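This report describes selected features of one protein model, from its sheet to its helices and salt bridges. Please read it with the structure open.

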Amino acid sequence: MTRAGLFGVLATVAGTTAALADDPREDFVAANLLATFYHELGHALIDQMQLPVLGQEEDAADVLSVVLLDQLWQSDDALALAQATAEAFRLSDEEAGEDVAWWDVHGPDLQRYFTTVCLIYGADPDRRAEYAEAAGLPEERAEGCVDEYDLAAASWGTYLEELEASGGGTSLWMAAQEDDSELVRLIADEIATLNQSMTLPRRVAVRFEDCGEPNAFYDSTEDAITLCREYSEYMRELYDGG
């Protein structure tokens with residue numbers, strides 16, 4: 001199911017990004033929206049499949065997001081998508097400064113940055129060594145990244161294979177939308193692609209809504225993933241500020 005095609009998607013060369021699209025900012029937004037969709041899908045799988053989570057659930061969802069980026073996209077595109085995701089964590093950390101919400105269920109942004117870098121590097125260390133070095137991944141962490149990725153891929157792979165064994169279907173579905181933006185079409189296309197190869201235990205609606213804050217979440221009471229419209233605008237502001 002490996003493919004390319006994120007409307008412009010960033011090309012990564014020796015640890016730097018060069019835009020193939022006319023608007024690299026929109027590539028950045030799209031990459032982060034896609035990774036966030038995968039993250040929320042992780043929450044849905046944990047809920048519906050009653051998966052054991054040894055640690056924080058948010059960490060497990062972060063890990064699935066990187067695994068799916070690597071496994072669903074061609075290598076160069078997967079790296080570019082993960083790089084944009086990691087960069088958003090780094091920029092968010094810079095924006096927060098010393099005001100880190102240590103109480104939050106998510107790990108600190110800078111930790112999420114290095115975990116994303118480590119996992120995507122560990123998935124293909126021969127081709128991604130330059131990126132890991134440019135991203136500032138310390139050797140102490142880099143030494144274990146292959147094992148870290150292999151464990152993540154094997155752990156999530158057990159359950160992804162179970163979903164794939166059920167065959168394709170329509171368990172993910174896009175709720176009616178007020179707009180027809182590129183970002184909405186991106187997620188709709190991703191839903192269609194995932195539906196070709198897997199079926200979740202229960203149907204999950206995916207919707208774009210105004211939430212009053214830049215957020216995304218899975219609601220187990222409604223079996224629904226909500227991608228807040230404010231989130232995309234926040235990503236644009238992060239990109240502009242960086």
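Two strands count as paired if DSSP finds at least two bridges between them. The model discussed here is predicted. With that criterion, β5 and β6 form a hairpin with four residues between them. Within the turn, Asp223 has a positive phi of about 50 degrees.

**The sheet and its hairpin**

The strands of the hairpin, β5 and β6 (residues 224-228), pair in the antiparallel sense over four bridges. Two of the partnerships can be named: Ala216 is bridged to Leu227 of β6, and Tyr218 has Ile225 of β6 as its bridge partner. In general, strands of a sheet pair through backbone hydrogen bonds, either parallel or antiparallel.

The hairpin belongs to an open sheet of four strands, ordered β3-β4-β6-β5, in which the pairing is mixed. At its edges lie β3 (172-174) and β5 (216-219), each of which pairs on one side only. From one strand to the next, the twist averages 20 degrees.

Which side chains of β5 are buried, and which are not? Ala216 and Tyr218 point to one face and are buried, whereas Phe217 and Asp219 point to the other face and are not. This follows a general pattern: in a regular strand the side chains alternate between the two faces of the sheet.

**Helices on the sheet**

Helix α8 (residues 182-197) lies across β3, β4 (204-209) and β6. Its direction runs at about 155 degrees to β3. The 16 residues of α8 reach 24 Å from the first C-alpha to the last, close to the 22 Å expected at 1.5 Å a residue. The buried residues of α8 include the aliphatic positions Leu183, Val184, Leu186, Ile187, Ile191 and Leu194. Also buried in α8 are Glu190, Thr193, Asn195 and Ser197.

Helix α9 (residues 229-241) packs on the sheet too, where it touches β4 and β6. The direction of α9 makes about 40 degrees with that of β6.

**Helix pairs**

Two helix pairs illustrate how other parts of the model pack. Two packed helices are described by the angle between their axes and the distance between the axes.

The axes of helix α4 (residues 109-123) and helix α5 (residues 125-134) come within 7 Å and cross at roughly 150 degrees. Angles over 145 degrees count as roughly antiparallel, and α4 and α5 are therefore roughly antiparallel to each other. On the α4 side, the contact is made by Val117, Ile120, Tyr121, Gly122 and Ala123. On the α5 side, Pro125, Arg128, Ala129, Tyr131 and Ala132 take part.

Helix α1 (residues 24-48) and helix α7 (residues 145-165) pack at an angle of about 80 degrees, and their axes are 12 Å apart. Angles of 65 to 115 degrees count as roughly perpendicular, so α1 and α7 are roughly perpendicular to each other. Their contact is made by Gly42, Leu45 and Ile46 of α1 together with Trp156, Leu160 and Leu163 of α7.

**Salt bridges**

How many salt bridges does a search of the whole structure find? The search finds 14. Three of them are tabulated below.

| Pair | N to O distance |
|---|---|
| Glu94 and Arg90 | 2.4 Å |
| Arg141 and Glu148 | 2.8 Å |
| Arg229 and Asp210 | 3.4 Å |

Glu94 and Arg90 are four residues apart in helix α3 (residues 75-96), and so are separated by about one helical turn. As a general rule, an α-helix has 3.6 residues a turn, so residues three or four places apart point the same way. Glu94 is exposed, with a relative accessible area of 51%, while Arg90 is partly exposed at 23%.

In the pair formed by Arg141 and Glu148, Arg141 is partly exposed, with a relative accessible area of 27%. Glu148 likewise counts as partly exposed, at 27% relative accessibility.

The salt bridge between Arg229 and Asp210 has its closest N and O atoms 3.4 Å apart. Arg229 lies in helix α9 and Asp210 in the loop between β4 and β5, so the pair ties together parts that are 19 residues apart in sequence. Arg229 is partly exposed, with a relative accessible area of 22%, and Asp210 counts as exposed at 57%. Elsewhere, salt bridges that share partners join Glu26, Glu233 and Arg236 into one network.

Terms used. Residues are numbered from 1 along each chain as its sequence is written. This is a predicted model: local features need pLDDT of at least 70, side-chain atom pairs count only at pLDDT 80 or more; totals for chains, interfaces and linings use all residues. Side-chain values use heavy atoms; hydrogens and water are left out. The expected span of a helix is 1.5 Å times one less than its number of residues. Buried means under 20% relative accessible area, exposed over 50%, partly exposed in between (1.4 Å probe, protein chains only). Axes are lines fitted to C-alpha atoms, for helices over the stretch in contact, and angles run from 0 to 180 degrees between N-to-C directions. Contact means heavy atoms within 4.5 Å. A salt bridge is a side-chain nitrogen of Lys or Arg within 4 Å of a carboxyl oxygen of Asp or Glu. Angles under 35 degrees count as roughly parallel, over 145 as roughly antiparallel, 65 to 115 as roughly perpendicular and the rest as oblique.
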